[in-house]
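Please open the structure in your viewer and keep the selection panel at hand. The stops below are to be visited in order.

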Amino acid sequence: MNAELYLYNTASREKEPFEPSGDDVTMYCCGPTVYNYAHIGNLRTYVFEDVLRRTLELLGHSVKHVVNITDVGHLVSDADSGEDKMEKGARREGRTVWDIAAHYTEAFMNNIRDLNVVDPTHWPKATDHITEMIGMVQALEKNGLTYRTSDGIYFDTSKFPQYANFAHIDPESLEAGARVDMGDKRHSMDFALWKFSPADAKRQMEWESPWGTGFPGWHIECSAMALKYLGQPIDIHCGGTDHVRVHHTNEIAQVEGATGKPFVRYWLHGEFLVLDKGKMAKSTGNFVTLETVKEQGIDPLAYRMFCYSSHYRNPLTFSWESLRSSAQSLKHLRQLVPQNVEARELTDEDSWKARFDGAVLDDLNIPKALGVLWEALRADIDKGTKRALALYADRILGLSLGEAGAGEWTSEVTTPGGKVIRFISSSQVESNRVSKIAEMIEKRTQARKSRDFAVADELRDRLVAEGVTVKDLPDGTTECVVE
């Protein structure tokens, strides 16, 4: 890649050319709260972040990438009320909070690796960074941005005038429309930096601080860990679109309020995965895990393929039917990659590579880039070029397209009637079976020409029953994937 990367920056609401601030690109991605399994909606965000990292590295950048593990302090309500999700998870399963954290952290990391997501440079855990969090709260206190209530130390948003800028919040309308129980908070947007342990209950996770025994607020955790590992300003900060209004707005206020310096240069946010019944969420029990996908006999990378059916900034609707369709598409894509041929060297002048790069560099437009790859693999070009392009594209796509044996046999047959049929299979198909399939396709073609669609559909169904997936291409060729 030798062109410029453009990214949509949430802060400016515009696509901007990306320029790193130093030798390494610094990138922070909000990690999981490990009180339950991650659902596939959560995992969609990590897929888009992985595409971003792979793109940066393909451009020649070294990337310092941090994904945190939230194992304390994330309350069930964004309004700083309710129970700690970790404590709730421990009670649900009759285990210690530490056991819960270890179990679901391991499960999350297994999900990440199943999806071919490259491990970050650092996996910091919130519970290992309490000292840094306390230090940041002390800096905010020194700068006059905090106040004490009966249940904790809070950030006073009225003393940070630019608080509403990032999320384009109208503070006056928010205050007027606030219906939440604010407790001792001065303003509805104020948020907890440090929460005191309840007097009538013993928490499994609590620490001593200058303000008393307690635990950190969720937002301060990311701020403290980001600064420790990446410095300031960070080049790129990513997360889900639901983080814009509260979590990331609060991170900006904390860091810039404590240091007086800009926090992040580019903010990127992925949209929701949705069901017919609404957003996928653990809080409602309305979610699907990657383990569920695997139990259905579906390759986890089929979910990665499914994520590519929509741009990362657009909502994506999940259904089992569409996921299974993505699984078939992935299988077909792998079968189109020529095997047992040497990949030729691609140059930036290669038209297929240039088109693929152009899509990726335009704010990670992977649906368009994948379309270029499909087109190239079906085009009348040499196999060495096809294999080279597939392997190059897979450095971004992460779909294991170069796996040995994924599509090791192809053959083209022309029927007596002039119909060109391209066969693709993971192993050689016997000649008598090829002849039988070709004869059925020839009859199906004639039936469609004579508009006898009932016969054409019947023949297609017979082909499917025999493990043959048929696709009619624009050039008149029929492509057959044979199981």
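Begin by selecting the open sheet of four strands in this predicted model, whose order is β4-β3-β9-β10 and whose pairing is parallel. The strands at its edges are β4 (62–67) and β10 (264–270), each of which pairs on one side only. From one strand to the next, the twist averages 20°. Strands of a sheet pair through backbone hydrogen bonds, either parallel or antiparallel.

Next, select strand β3 (residues 24–29) together with β4: six bridges connect them in the parallel sense. To see one of the bridges, display D24, whose partner in β4 is S62.

Now add helix α1 (residues 40–58), which packs on this sheet and touches β3, β4, β9 (234–240) and β10. The direction of α1 makes about 155° with that of β9. Then add helix α7 (residues 244–259), which lies across β9 and β10. Helix α7 runs at about 155° to β9.

Before leaving this region, select P233, which is placed in the loop between α6 (218–230) and β9. What is the form of the peptide bond from Q232 to P233? This bond is cis, and its omega is near 0°. Most residues other than glycine have a negative phi, and most peptide bonds are trans.

**The antiparallel sheet**

Move to another open sheet of four strands, with the order β5-β6-β7-β8 and antiparallel pairing. Here β5 (146–148) and β8 (214–216) stand at the edges with a single partner strand each, so one side of each has no neighbour in the sheet. Neighbouring strands of this sheet are turned against each other by 25° on average, with direction ignored.

Select β5 and strand β6 (residues 152–155), which run antiparallel and are joined by three bridges. Display the side chains of Y147 and Y154: Y147 stands opposite Y154 in β6. Add helix α4 (residues 130–142) to the view, since the next feature concerns its placement: α4 lies across β5, β6, β7 (191–196) and β8. Its direction is at about 120° to β7.

**Two loop residues**

Select N340, in the loop between α10 (320–336) and α11 (351–361). Its phi is near 55°, a positive value in a residue other than glycine. Then select S400, which lies in the loop between α13 (383–397) and β14 (409–414). Phi of S400 is near 55°, again a positive value in a residue other than glycine.

Is N340 buried or exposed? N340 is exposed, with a relative accessible area of 74%, because exposed residues are those over 50%. S400, by contrast, has a relative accessible area of 17%, and it counts as buried because this value is under the limit of 20%.

**A buried strand**

Select strand β17 (residues 478–482). How many of the five residues of β17 are buried? Five of the five are, so the strand is largely enclosed by the rest of the structure. In a regular strand the side chains alternate between the two faces of the sheet. Colour T478, C480 and V482 on one side of β17, then E479 and V481 on the other: both faces are covered, and these residues are all buried.

Which strands pair with β17? Add strand β15 (residues 420–425), which pairs with β17 in the parallel sense over five bridges. Display R422, whose bridge partner in β17 is E479. Add strand β16 (residues 468–472) as well; β16 and β17 run antiparallel and are joined by five bridges. In this pair, D472 stands opposite T478 in β17.

**The whole protein**

Finally, clear the selection and view the entire protein, which has 15 helices and 17 strands. Its C-alpha atoms fill a box of roughly 85 × 50 × 40 Å, taken along the principal axes. Of the 483 residues, 54% are buried. Among contacts between residues at least 6 apart in sequence, 73% join residues at least 24 apart.

Switch to a surface display to consider the exterior. The accessible surface comes to about 21000 Å², and 46% of it belongs to carbon and sulfur atoms. Colour the charged side chains last: there are 56 positive and 72 negative ones, and the centres of the two sets lie 3 Å apart.

Technical notes: Residues are numbered from 1 along each chain as its sequence is written. This is a predicted model: local features need pLDDT of at least 70, side-chain atom pairs count only at pLDDT 80 or more; totals for chains, interfaces and linings use all residues. Side-chain values use heavy atoms; hydrogens and water are left out. Buried means under 20% relative accessible area, exposed over 50%, partly exposed in between (1.4 Å probe, protein chains only). Two strands pair if DSSP finds at least two bridges between them. Contact means heavy atoms within 4.5 Å. Accessible areas come from the Shrake-Rupley method with a 1.4 Å probe; for residues, only the protein chains shown count as cover. Lys and Arg count as positive and Asp and Glu as negative; His and the chain ends are not counted. The place of a charge is taken as NZ of Lys, CZ of Arg, CG of Asp or CD of Glu. Axes are lines fitted to C-alpha atoms, for helices over the stretch in contact, and angles run from 0 to 180 degrees between N-to-C directions.
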